[in-house]
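Trainee: I should like to understand how the terms used for a protein structure are justified. May I put some questions to you?

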Amino acid sequence: MAGATGPKRQDTRKFFENLSGAGKCIAVLTSGGDAQGMNGAVRAVVRMGTYVGAKVYFIHEGYQGMVDGGDYIKEATWESVSSVLQVGGTVIGSARCKEFRSHEGRLKAAHNLVQRGITYLCVIGGDGSLTGANLFREEWSGLLNELIEQGLIDEEAARSHSQLHIVGMVGSIDNDFCGTDMTIGTDSALHRIIEVVDAIMTTAQSHQRTFVLEVMGRHCGYLALVSALACGADWVFIPEMPPEDGWEDNMCQKLSESRSRGSRLNIIIVAEGATDRQGQHITSDLVKKLVVSRLGFDTRVTILGHVQRGGTPSAFDRILASRMGVEAVLALLEASTDTPACVVSLVGNQAIRLPLMECVQMTQEVQKAMDEKKFDEAVRLRGRSFENNLSTYRLLASQTARSELQNSSFNVAVMNVGAPAAGMNAAVRSAVRVGITEGHKMFAVNDGFEGFYKGQIKEIKWGDVGGWTGQGGSLLGTKRTLPAKHLDEIAEQMRIHNITALLVIGGFEAFESLLELYEARANYKEFCIPMCILPATISNNVPGTDHSLGADTSLNAIVETCDRIKQSASGTKRRVFIIETMGGYCGYLATVGGLAAGADTVYIYEEPFDIRDLQANVEHLTQKMKTSIQRGLVLRNENCNENFTTDFIYQLYSEEGRGVFDCRKNILGHMQQGGAPSPFDRNFGTKVAAKAIQWITKTLKESYKEGRVFTNSEDTACLLGMRRRAMVFQPVAQLREETDFVHRIPKEQWWLKLRPLMKILAKYKTSYDVSDAGQLEHVTRVRPKENDASAAI
């Protein structure tokens, strides 16, 4: 999908309390291939449906269960979806069903639904499952008439069930559905692939081997393309863009060039549906034989297969599934007779609704374009996210021996500032390589501004950043030092090295640093150069962006630990864990981690609380212990309240819960900063750095006059951030107004809207603003201008 158009956000806020599910029956089913995160979606549908007063049913084994009826269709309860959030696959089963494809099968299914009063259907599956659901809806009134004729239902039953409402959620590890940036399961599948690649890289380096990895994706190359970006693969084969004729020579030349530059391994990624321009299948074995016969390299093949579907869902997939599930119930409650069947989708950072058949048609057009060998068209139809991945991959793969020798009068410095965050190294690698490709001389600054004023600056070459993508922390070294006290020395170092542009990758200190340099432009001409920040901090507390590099890796670390703790609590029964997360004054990690881990309560600075709230939370847990779910999980942001410390809350809960539950506490600490970057952070870091360097190149050319670079306008000191649906360059001077400098957080934070959702899923009565939802949009094909900074990443 190239973009989505929709009505402007309404002025009046609308709350879902006005939407009642009383007297309505919603059924949820999973169909087609399973995907991690489906259970999160099922859980959200069941709990949101129950919350609004509707009856919710499970349909086990997909459409097969709908056709067979009986015990396959069972009423769901709040407790029946407990402990499923962290489970991969689908707990209600999925099956491919031939019978539902026949008219007789659909007639049986309609009868089974009417018998139970079900007229609202939530389908989680791929495009085939959703197309089937739409056909079922179109035939509904005809099926009811047939059931009346056969004497299976009476006219009253037909009248009260005259409309079937359908909402779809896309669960597919291939990410092959047009209209959404990410489908449920894709991020988790990438986690499995990258875990394998990381393991393979260590053995490949030991033996100087070439590895050919085959990943899933019969018709869609998303997994192959993104994993190639995330691990810095030497070559990738995808169905949407077959290699040019003569690819065999080009690939072998690239592999041998990489070895001659000192690399000890090569990684080649092949999507299972890859072909050449003539439509001949390119298999992993074919690639292996080619490398062995032409280059004589020791080569091994690894076929990942169903490993990619397995394992626990990533934090991203749990949050995506929970948001989509709640949105799906809202869409069903708001559906009227003339509302088309819709899918809930994710575009940028926003949940939207799109007509189901528009998305299906667009998805089918991609296949048609590939069949007709219109490959550029196929890539375009896949949407901006896919296009951006491909263009970034090409940019990083375009290095030739010649590009190292291109002379440029521009010297670009790259540095890290603040605390380490996973993904920083991927961003540095991408910046260095794209900079070299664009003809610049790239300089690395060690240890932040402290290293800068001490002169720890040296040129960094293409080969120096090999293998950086998967490394955690900061290989350049990073410090929290701000530049203000050392402006003279920094200006002098800029003169010595003739630095003409600066890329700073870091957190809140990076933002403050760039503001200080921008404000010092009046006194130092050395700072009158293009400067750009890429927000990178686990706290996600930088203004001007919804998402910072490193936050996703940290969330996964939190969620993994919470899963283990919940398992421990389930074993001992009647136990509540109080867990402290990092984040400074920003409650992002605690809130979103709580949503992904299924927490009962989350305490944060942004939402003040008092002793009465603590008492109510204890009471809520006491009630919970009377059910079959006898465990509790409470998250607390480290700075949420100076008096209600983790120890205080632990002691309060222990005292008040005496005889009902016992407590344990756990401070997660710096494990949240460490570890290998998640696929999301590797990919995000790689793409944003490439985009930042392209902006720097453009700005350098515009500000190069009379043999030197000079610019003092505010739009040449920018922060590149994700805002709702787009990546935007924003002047740091303008972001000052949006920032609370005392608490080091933005004044407005999008994720606060997720808090009511978290409370609803934990069975708290709350108010939920749905002003952003409830608007059906349309799939569009607006082409973003090539230089448009707001083109989605």
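Trainee: What makes the contact between the side chains of Arg744 and Glu509 a salt bridge?

Mentor: A salt bridge is defined as a side-chain nitrogen of Lys or Arg within 4 Å of a carboxyl oxygen of Asp or Glu. The side chains of Arg744 and Glu509 meet at 3.0 Å, N to O, so the pair satisfies that definition. Please note that this is a predicted model, in which local features need pLDDT of at least 70 and side-chain atom pairs count only at pLDDT 80 or more, while totals for chains, interfaces and linings use all residues. Residues are numbered from 1 along each chain as its sequence is written, and side-chain values use heavy atoms, with hydrogens and water left out.

Trainee: Why is the pair of Arg744 and Glu509 said to tie together parts of the sequence?

Mentor: Arg744 lies in the loop between strand S27 (739–740) and strand S28 (745–746), whereas Glu509 lies in helix H18, so the parts that they join are 235 residues apart in sequence. Helices (H or I, at least four residues) and strands (E, at least two) are DSSP runs, numbered from the N terminus.

Trainee: Why is Glu509 called buried, and why is Arg744 called partly exposed?

Mentor: Buried means under 20% relative accessible area, exposed means over 50%, and partly exposed is in between (1.4 Å probe, protein chains only). Glu509 has 6% relative accessibility and therefore counts as buried. Arg744, at 27%, counts as partly exposed.

Trainee: Which residues are linked with Arg744 in a network of salt bridges?

Mentor: The network links Arg744 with Arg480, Glu509 and Glu512. In the whole structure, a search finds 34 salt bridges.

Trainee: How do you know that Asp563 and Arg318 form a salt bridge?

Mentor: Their side chains meet at 2.6 Å, N to O. This pair links distant parts of the chain, for Asp563 is in helix H19 (residues 551–572) and Arg318 is in helix H10 (residues 315–334), 245 residues apart.

Trainee: Are Asp563 and Arg318 buried or exposed?

Mentor: Asp563 counts as buried at 15% relative accessibility, and Arg318 is buried with a relative accessible area of 2%.

Trainee: What makes Gln456 partly exposed, and which residues does Gln456 touch?

Mentor: Gln456 has a relative accessible area of 30%, and is therefore partly exposed. Contact means heavy atoms within 4.5 Å. Not counting residues up to four places away in sequence, Gln456 touches Ala444, Val445, Asn446, Asp447 and Gly451.
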